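Here's a quick walk through a ligand site and the pocket around it. Have a look at the model first.

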Amino acid sequence: MSLVAPEIWKTLLRRAPAGTACSALYDPLLAPATAPDGCFVLGRIAQSLDGRIATVAGESRWISGQADLEHTHRLRALSDAVLVGAGTVRADNPQLTTRQVEGPSPVRVILDPARRLGDHYRVFQEGPPTLLACAAGTPGPERLGQAEILPIAMNGGWVDLPSLLVTLAERGLRRIFVEGGGVTVSRFLVAGLVDRLHVTIAPLLMGGGIPAFSFPRTDLLTDGMRFGWSVHRLGEDVLVDVPLGRQRPGPSGQTTSGP
Ligand SMILES: NC(=O)c1ccc[n+]([C@@H]2O[C@H](COP(=O)([O-])OP(=O)(O)OC[C@H]3O[C@@H](n4cnc5c(N)ncnc54)[C@H](OP(=O)(O)O)[C@@H]3O)[C@@H](O)[C@H]2O)c1
């Protein structure tokens, strides 16, 4: 069972912004997880029109507008866990709580394989529970501030994300909201572990900056990922909702299903 109570879903959907196609946008998030690991993974990115999520210096607040901010907090409230990479904690010192909408704050999961983050960040000092996912065997104290350490096996130099999802599911954390940044969302995509992807595109050209998606290079168009999507207006921004169903990039257009 997901930790999200059904009445919370209903409250949040009722309060979604006028003009949002609530049912089409949020109903898929209510569906039971079908993957063997028991998790439903939603990836999310807010990017400029030219595909950047932050300036080279790391500034990302705010690329998208207020409606997208509320949408993001709504997605947190609908999730058991919100997950971000160490780069986002370092750049933004986020709280990852629901302050723009009613609804519970999820458990926070931080991916910091080498345990390079200090304990002064807000996720380690205040608010709801935090799990720090690191490479198994990394030396360090038993906790980082209030955060519990979650040792996870490595695979090819990266935290093994299938193992992480199984570990989270064992704790009852099954609705996983991967909120950023670009490296983290991309690793989930490459692993074929994203059920749904929300990308907000803001009317902004940056000319450079931190990329939204970074994959192994494709030489052929047919090696890219291609999919259907639905488009929603969020204030001045456009939100594309991609039902990925755990597809991942494959050679010569052979998009394969993830584990
Ligand atoms: N616009 C948006 O939607 C949005 C959302 C969030 C953040 N941001 C911005 O994006 C920037 C950060 O994004 P980013 O792409 O540079 O970094 P990120 O995804 O936040 O963090 C990347 C780091 O997390 C760790 N990590 C993530 N996945 C891993 C895996 N599977 N295995 C092992 N380690 C993993 C690695 O840490 P190590 O390097 O320590 O190994 C990696 O370098 C910031 O400037 C932030 O403000 C924008």
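The ligand sits in the largest pocket; "sits in" here asks that more than half of its atoms lie within 2 Å of the pocket's grid points. A pocket is an open set of points on a 1 Å grid over the protein atoms alone, with room for a 1.4 Å probe and protein on both sides within 12 Å along at least five of seven lines, and its lining residues have an atom within 4 Å of a point.

This is a predicted model, so local features need pLDDT of at least 70 and side-chain atom pairs pLDDT 80 or more, while totals for chains, interfaces and linings use all residues. Numbering runs from 1 along each chain as its sequence is written, and side-chain values use heavy atoms, without hydrogens or water.

Around the ligand there are 27 residues, with A46, T88, D92, V159 and T184 coming nearest (near means a heavy atom within 4 Å). Three backbone polar contacts (N or O pairs within 3.5 Å) are worth a look:

| Ligand atom | Backbone partner | Distance |
|---|---|---|
| nitrogen | V159 | 2.7 Å |
| oxygen | G58 | 2.9 Å |
| oxygen | A86 | 3.1 Å |

The protein covers 87% of the 910 Å² of accessible area that the ligand has on its own (Shrake-Rupley, 1.4 Å probe). Which element gives the most to the shell around the ligand? That's α4, with five residues; helices are DSSP runs (H or I) of at least four residues. α4 also gives the most to the lining of the largest pocket, with six residues.

How values were computed:
A polar contact is a pair of N or O atoms within 3.5 Å; within protein, one must be able to donate a hydrogen and the other to accept it, and residues adjacent in sequence count only if both atoms are side-chain atoms. Helices (H or I, at least four residues) and strands (E, at least two) are DSSP runs, numbered from the N terminus.
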